[in-house]
Amino acid sequence: MTAHHEGSGPASPPSPAGMPATISAGDSARRSRVLMKGNEAIAEAAIQAGCDAYFGYPITPQAELLEWMARRMPELGRVFVQAESELGAINMALGAAATGARVMVSSSSPGISLMAEAMSYMAGSGTPMVLVNVMRAGPGLGGIGPSQSDYFQATKGHGHGDYRVPVLAPASIDEAVELVATAFELAEKYRTPVMLVADGILGQAMEPVSLRFRTPERRTGDWALTGAAGRPPRIVKSIDLVPEVLERRNLDLQRKYREIRRHEVRWDEWQLEDAEYAIVAYGTAARVARSAVARARERGIKVGLFRPVTLWPFPERELARVSQHVHGILTVELSSGQMVEDVRLAVEGRCPVAFHGRMGGLVPTPDEVLGALKALRGKVQRAAADPALHHDGGRS
Amino acid sequence: MTIDAHSSGRTSAPADQRLIYARPEVLADRSTHYCPGCGHGVIHRLLAEVLTELELPAHTIAVAPVGCAVFAYDYLMVDWVEAPHGRAPAVATGIRRVRPEAFVLTYQGDGDLAAIGTAEIVHAAARGERITAIFVNNGIYGMTGGQMAPTTLLGQKTTSSPSGREPSLMGYPIRITEMLAQLPGVTYAARGSVADASQIGKLKAMIKKACRVQIDGGGFAIVEAISNCPVGWNMTPQESLDHLRGPVARAYPLGVIVDRTGAAAGPQAGSQPAGGPAAPGSASVQPEA
């Protein structure tokens, strides 16, 4: 490993401007709460998780993450490089990660598109790395408002080839702090890139953060490039021109993905015990949905929240179980409806699935969500009153 | 060059004879996938000799390109990482920054370095990354079937410039090593050739110098090797070498383009113009008969 690993951080590093002095001063201080921006908390969580190297390129709305790293990493003797592009940044990450270093890269949607190429190479060569996407509204240059319109990109196919990456979606800054450590853990355990997706709100908002930092144990493999002293040379690569060999490599990857599906599904449920309806939402949309659930319950509508924390692997079995007990499901996203496709696949027509979303950097209000929920309930009740009306899974 | 230093007992000479030429251990004992007459094999060999002479193989982490040299890891027995097309200098930057003790080497062709990877090479050079870049310029995309490269000569026929490279439509060849040499982060930049034994000796001296720059804590060092592609050029190997000596070397002048090592240059060769005498220690390198 590199010389830059400080475990849970040095005893008393100098405190940069705006950085609470307590942040790395031991366990009791670690439980204090400070007001932090999401981008800054994610950056500090990576540092406390033992991130050896960070590579980035400025883009709104994640620039504070890069700036935090620019201050903190050098003072800890670790690596920070502002690259010439997102292509440069993620390929620097590829090189550093290939030597066994713990590496993170962050960007926002347009920059994430540029990183797709190297992500595919890293998935193919089994190179661990954590990539944070603070999503903004697209397509194209789009806008700088919050969005969840990169769900397809994150879960279905960022770059080329048959690969998947675990995708973690925090709904609060506290949860983001925890999931950053989880992301490094998964990356090294499964030798894969891992994505953490936030959105402009989560990145820019300030809220009290518990500073429950965690430093995952390092898993050093017998694959890292350290110089072939006293051992045969190692190669970190994805190329294999012999179809049979490449298929075997792909089958190994798919085995790994089955393992991840089996062991790494994460989700959260709230007020689903007696629920007749469920809202499915993640990230910032889940926080709006939570408010909508509270308002609906005040009005006597029994509704609960199902919140995927891993977008891949998607909690499909868990959601399927919920769908057996509710009359209908409403999916809420900051997009035109991307995750809702996975919701429908999981529900398999057992109940109607409706969708409500906003685009362009807009966030639905709790009342909007409540309205969509009432519309779904009305439709379900009309269908129940007239058996001739079969539900259509909410597609119309 | 002390020849016996890298014979490592694999090949022993009879008692009354002295072994003067052997395969360096770091060069794999196998035939390559390169086409007959291709210059990559010679350049691999030179790299193997230089790495061995500088005792670098155990510390080396090399970055492979996309292109004909994508399988370089099959021939040079050091740690390798495969870079996406053109990204080798960025990948090498990542390695450099987390492994200050490693010897970091990139090996790229002209499509990789001078077309798709221009941003990465320019900024690695601008940052003065302490890496050694080997740039093989044969003026063509060999692996994909001989298409025009940014380095293709004016008038040269390729599969994507079937009537010859026409500057009003296809622009002019890029002397990218001269462009890079302007950057203060570049400690050493030179251009050599594999056209004949004399040129190969000088090229080796340049490669050795570019490696020493890294060992001595200098900045970015690059050696461009103009090389031949008989198949892509539609020539016999001998014709291609004559072409390399003639029109190609006129378009891409040989010699040291910049040397900012100053007094620290030391006795090793390579800092002199290629037109000068071959460096001591490199003159003994001869192509295999």
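Here's a quick look at one helix in chain B and some backbone oddities in chains A and B.

This is a predicted model, where local features need pLDDT of at least 70, side-chain atom pairs count only at pLDDT 80 or more, and totals for chains, interfaces and linings use all residues. Residues are numbered from 1 along each chain as its sequence is written, with chains lettered from A and ligands numbered from 1 in the order in which they are written.

**Helix α1 of chain B**
- α1(B) covers residues 40-53; helices (H or I, at least four residues) and strands (E, at least two) are DSSP runs, numbered from the N terminus.
- Eleven of the 14 residues of α1(B) are buried, meaning 20 or more other C-beta atoms, placed from the backbone, lie within 10 Å of their own (exposed is 12 or fewer, partly exposed is in between).
- Among the buried ones are H40(B), R45(B) and E49(B).
- Just after α1(B) comes E55(B), with a positive phi near 55°.

**Cis peptide bonds in chain A**
- G138(A) and P139(A) are joined by a cis peptide bond, omega about -5°, and P139(A) sits in the loop between β5 (129-135) and α7 (151-156).
- The W312(A) to P313(A) bond is cis too, with omega near -5°; P313(A) is in the loop between β13 (310-312) and α12 (316-323).

**Positive phi without glycine**
- E348(A) isn't a glycine, yet its phi is about 50°. You'll find E348(A) in the loop between α13 (339-347) and β15 (353-357), and E348(A) is exposed, with 11 other C-beta atoms within 10 Å.
- N234(B) has phi near 65° and lies in the loop between α8 (230-233) and α9 (237-251) of chain B.

Technical notes: The expected span of a helix is 1.5 Å times one less than its number of residues.
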